[in-house]
Amino acid sequence: QTLTQNGSIAIPQYAEDIQFILRGARGGTAGPSYDTDGRGALPCSPTYYGSYGHYLTGTLSNSLAQTTLTVVLGQPGTYNACSAGYDAGSAGGYGLHYGGSGGAQPGNETWCAAGGGAGGGGSSGIIYFTTVIAEAAGGGGAGGGVVDWSFLDQRGGTGLLITTNNNG
């Protein structure tokens, strides 16, 4: 049985080989940042993704036959985007346990130059009554956005310095 949302699984009375696969949620994606003169998202800005959550497989004891297990599926960390003139860290995903928030850029600027990191993914878990039987951790969120700084070179021309972020 495959679950795509939180739910319960009834284990049949004579189950002997109860296998499971559990994956924590993916970390959030880092949104493109904006350049210093307000032209909008940089066309060369790559998209960086959060890492995949923990992938866990196992076999449960047949003593769990004729019981009902609760499954909580982790949700991904949130996308981080420019808002109100600065890039704040975005929220972590939720699940059995919450993913961490993304880092925040210090200060409030009139333009978005560097994004805070995206939020981490929430964990997924299998629960029997109040006992956590298995838990798969969520993945880390992607790093902050791209920074575009214009500058004058030695010949008086305009140059461009671009730094990028990293995957989760």
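**View 1. The largest nonpolar core of this predicted model has 15 residues.** Seven residues have the most contacts inside this core. They are Ile-11, Ile-18, Phe-20, Leu-22, Leu-60, Leu-69 and Ile-126. Strands E2, E4 and E6 are the elements that each give two or more residues to the core. E2 gives the most, with three residues. In soluble globular proteins, nonpolar side chains tend to be buried together.

**View 2. Four strands form an open sheet.** Their order is E1-E4-E5-E6, and the pairing is antiparallel. E1 and E6 are the edge strands. Each of these two pairs on one side only. From one strand to the next, the twist averages 25°.

**View 3. Strands E5 and E6 run antiparallel and are joined by five bridges.** E6 covers residues 131–136, and E5 covers residues 124–128. Ser-124 stands opposite Ala-136 in E6. Tyr-128 has Thr-131 of E6 as its bridge partner.

**View 4. E5 and E6 make a hairpin with two residues between the strands.** Look here at Phe-129. Its phi is positive, near 55°. The bridge between Tyr-128 and Thr-131, in E6, can be picked out in this view too.

**View 5. The largest pocket holds about 550 Å³ of space.** Its lining counts 23 residues. Gln-1, Ile-9, Phe-20, Ile-21 and Ile-126 lie nearest the pocket centre. Rolling a probe the size of a water molecule over the atoms shows where empty space is left.

**View 6. Four strands each give two or more residues to the lining of the largest pocket.** These are E1 (7–10), E2 (18–23), E4 (68–72) and E5 (124–128). E2 gives the most to this lining, with six residues. By residue type, the lining divides into 16 nonpolar, six polar and one charged.

**View 7. Phe-20 and Ile-126 link the core view to the pocket view.** Both are among the residues with the most contacts inside the largest nonpolar core. Both are also among the residues nearest the centre of the largest pocket. Strand E2 can be followed through both views: it gives the most to the core, with three residues, and the most to the pocket lining, with six.

Technical notes. Residues numbered from 1 in each chain as written. Predicted model: local features only at pLDDT ≥ 70, side-chain atom pairs only at ≥ 80, totals over all residues. Heavy atoms only, no water. 1 Å grid on protein atoms, 1.4 Å probe; cavity = no way out; pocket = protein on both sides within 12 Å on 5 of 7 lines; lining within 4 Å. Points joined across faces, edges and corners; volume = space filled by probe spheres on them. Nonpolar A, V, L, I, M, F, W, Y, C, P; charged D, E, K, R; others polar. Pairing = 2+ DSSP bridges. Axes fitted to C-alpha atoms, helices over the stretch in contact; angles between N-to-C directions. Core = buried A, V, L, I, M, F, W, Y, C linked by side-chain atoms within 4.5 Å. Buried < 20%, exposed > 50% of the residue type's maximum accessible area, 1.4 Å probe, protein only.
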